[in-house]
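Visitor: Hello! I would like a close look at a single part of this model, and I am new to reading structures. Could you walk me through it slowly?

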Number of protein chains: 2
Amino acid sequence: MKELTKAEEEIMHVLWEAGKGFVKDLIARLPEPQPKYTTVSTIIRILEEKGFVGHNAYGNSHEYYPLITKETYSEHATKSVMKKYFGGSLNRLVSFFVDKNDISDKELEELQKIIQKNQNP
Amino acid sequence: MKELTKAEEEIMHVLWEAGKGFVKDLIARLPEPQPKYTTVSTIIRILEEKGFVGHNAYGNSHEYYPLITKETYSEHATKSVMKKYFGGSLNRLVSFFVDKNDISDKELEELQKIIQKNQNP
DNA sequence: GTTTTTTAACTAATTTTTTAGTTTTTATTT
DNA sequence: AAATAAAAACTAAAAAATTAGTTAAAAAAC
């Protein structure tokens with residue numbers, strides 16, 4: 001899986017949130033300072049080259065949409081961090097935050113339930 | 001917290017693993033193709049500017065060591081991914097992988113124990 | 001139908017990151 | 001002490017990423 005650069009990732013997040021959009025729509029959803037039309041257009045072109053984005057043409061207008069789901073890229077990005085910092089182990093990642101007492105009791109309880117639901121008896 | 005670029009992160013991983021080292025020691029620990037001395041030296045200089053690395057001088061030689069622990073940067077990097085892809089929630093991250101059946105039964109059991117140990121009765 | 005506006009494609013410029021070369025300083029060897 | 005070697009500092013170059021400008025084509029307004 002190709003990596004997204006920072007600027008590319010930001011555009012993808014907008015596309016994932018919006019589902020689809022013309023360049024001007026994407027700009028409208030970006031925080032200040034909003035980039036120039038041409039800047040976003042360039043990034044979109046690269047994203048199409050990389051296979052992350054597709055488009056429907058309406059005359060000269062292009063409506064862009066994600067070809068890779070947020071879930072797919074989430075998995076990639078998370079596994080990458082997990083590999084670099086936790087030997088690829090989810091348990092080590094969770095231990096890290098639990099040991100830090102970064103997680104509230106309520107959250108811990110929820111977490112128990114999440115796991116129990118998926119455990120085979 | 002300043003972000004590490006890819007090359008910077010690789011050097012930091014070597015320093016975290018080794019604890020400390022001269023440039024030539026760091027190069028020795030890097031996989032093929034090993035970068036030039038001057039390349040590593042430049043990256044180290046930038047890491048010192050950014051406050052990630054310090055050094056002890058022995059004459060003209062510098063022995064470098066991390067100023068930021070792997071744990072500190074781990075937390076930053078993981079929270080960054082968690083924020084971008086899981087609304088900042090560890091539970092949503094765990095759910096994601098558990099729902100995917102990416103985690104073996106043995107690991108799930110371990111995970112239960114980790115959480116139980118940290119739960120207040 | 002011509003003018004104006006909008007859009008994307010193409011190109012260029014800037015900035016950041018990465019890699020490498022040269023010079024200077026210090027240490028080591030003879 | 002002079003020659004050689006090793007290291008860091010400094011500088012430069014190349015590559016990648018980001019931002020922006022120009023042009024050409026299509027659509028909309030008049």
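Visitor: How far is a phosphate oxygen of DNA strand D from an N or O atom in the side chain of Thr5(A)?

Guide: Happy to help! Please keep in mind that this is a predicted model. The distance you ask about is 2.3 Å, running from a side-chain N or O atom of Thr5(A) to a phosphate oxygen of DNA strand D. Let's look around that spot.

Altogether, 17 residues surround DNA strand D. Thr5(A) is among the nearest, along with Thr42(A), Gly59(A), Tyr37(B) and Asn60(B). Notice the letters in brackets: both chain A and chain B appear in that list.

Now, which part of the DNA faces the protein? If you take the atoms of DNA strand D within 4 Å of the protein, 62% are sugar or phosphate atoms, and the rest are base atoms. Your Thr5(A) pair involves a phosphate, but bases are touched too. The side chain of Thr38(A) has an N or O atom 3.4 Å from a base nitrogen of DNA strand D. From chain B, a polar side-chain atom of Asn60(B) is also 3.4 Å from a base nitrogen of this strand. Two or more residues of this surface come from each of helix 1 (6–18) and helix 3 of chain A, and from each of helix 2 (23–29), helix 3 and strand 2 (61–66) of chain B. Sorted by class, the surface has 10 polar, 4 charged and 3 nonpolar residues.

It helps to compare this with DNA strand C. Around that strand there are 18 residues, and the closest are Tyr37(A), Asn60(A), Thr5(B), Thr39(B) and Thr42(B). Here it is Thr5(B) whose side chain has an N or O atom 2.2 Å from a phosphate oxygen of DNA strand C. Ala7(B) takes part through its backbone, with a polar atom 3.2 Å from a phosphate oxygen of DNA strand C. A base is reached as well: an N or O atom in the side chain of Thr42(B) is 2.8 Å from a base nitrogen. For DNA strand C, sugar or phosphate accounts for 63% of the atoms within 4 Å of the protein. Helix 3 of chain B contributes the most to the surface near DNA strand C, namely 4 residues. By class, that surface holds 10 polar, 4 charged and 4 nonpolar residues.

Helix 3 of chain B also packs against a helix of its own chain. Its partner is helix 1 of chain B, at an angle of about 90 degrees, and the two axes are 10 Å apart. Because of that angle, these two helices of chain B count as roughly perpendicular to each other. Ala7(B), Glu8(B), Ile11(B), Met12(B) and Leu15(B) on helix 1 meet Val40(B), Ile43(B), Ile44(B), Ile46(B) and Leu47(B) on helix 3. In this contact 9 residues are nonpolar, 1 is charged and none is polar.

Finally, let's see how the two chains meet each other. Each brings 43 residues to the contact: 43 from chain A and 43 from chain B. Together they bury about 3900 Å², with 61% of it on carbon and sulfur atoms. On the chain B side, Tyr85(B), Leu90(B) and Asn91(B) supply 18% of the area buried against chain A, more than any other three residues.

Terms used. Residues are numbered from 1 along each chain as its sequence is written. Chains are lettered from A and ligands numbered from 1 in the order in which they are written. This is a predicted model: local features need pLDDT of at least 70, side-chain atom pairs count only at pLDDT 80 or more; totals for chains, interfaces and linings use all residues. Side-chain values use heavy atoms; hydrogens and water are left out. A residue is near a molecule or strand if one of its heavy atoms lies within 4 Å of it. A polar contact is a pair of N or O atoms within 3.5 Å; within protein, one must be able to donate a hydrogen and the other to accept it, and residues adjacent in sequence count only if both atoms are side-chain atoms. Ala, Val, Leu, Ile, Met, Phe, Trp, Tyr, Cys and Pro count as nonpolar, Asp, Glu, Lys and Arg as charged, and the others, Gly among them, as polar. Axes are lines fitted to C-alpha atoms, for helices over the stretch in contact, and angles run from 0 to 180 degrees between N-to-C directions. Angles under 35 degrees count as roughly parallel, over 145 as roughly antiparallel, 65 to 115 as roughly perpendicular and the rest as oblique. Contact means heavy atoms within 4.5 Å. Buried area is the accessible area (1.4 Å probe) that two parts lose on being put together, summed over both.
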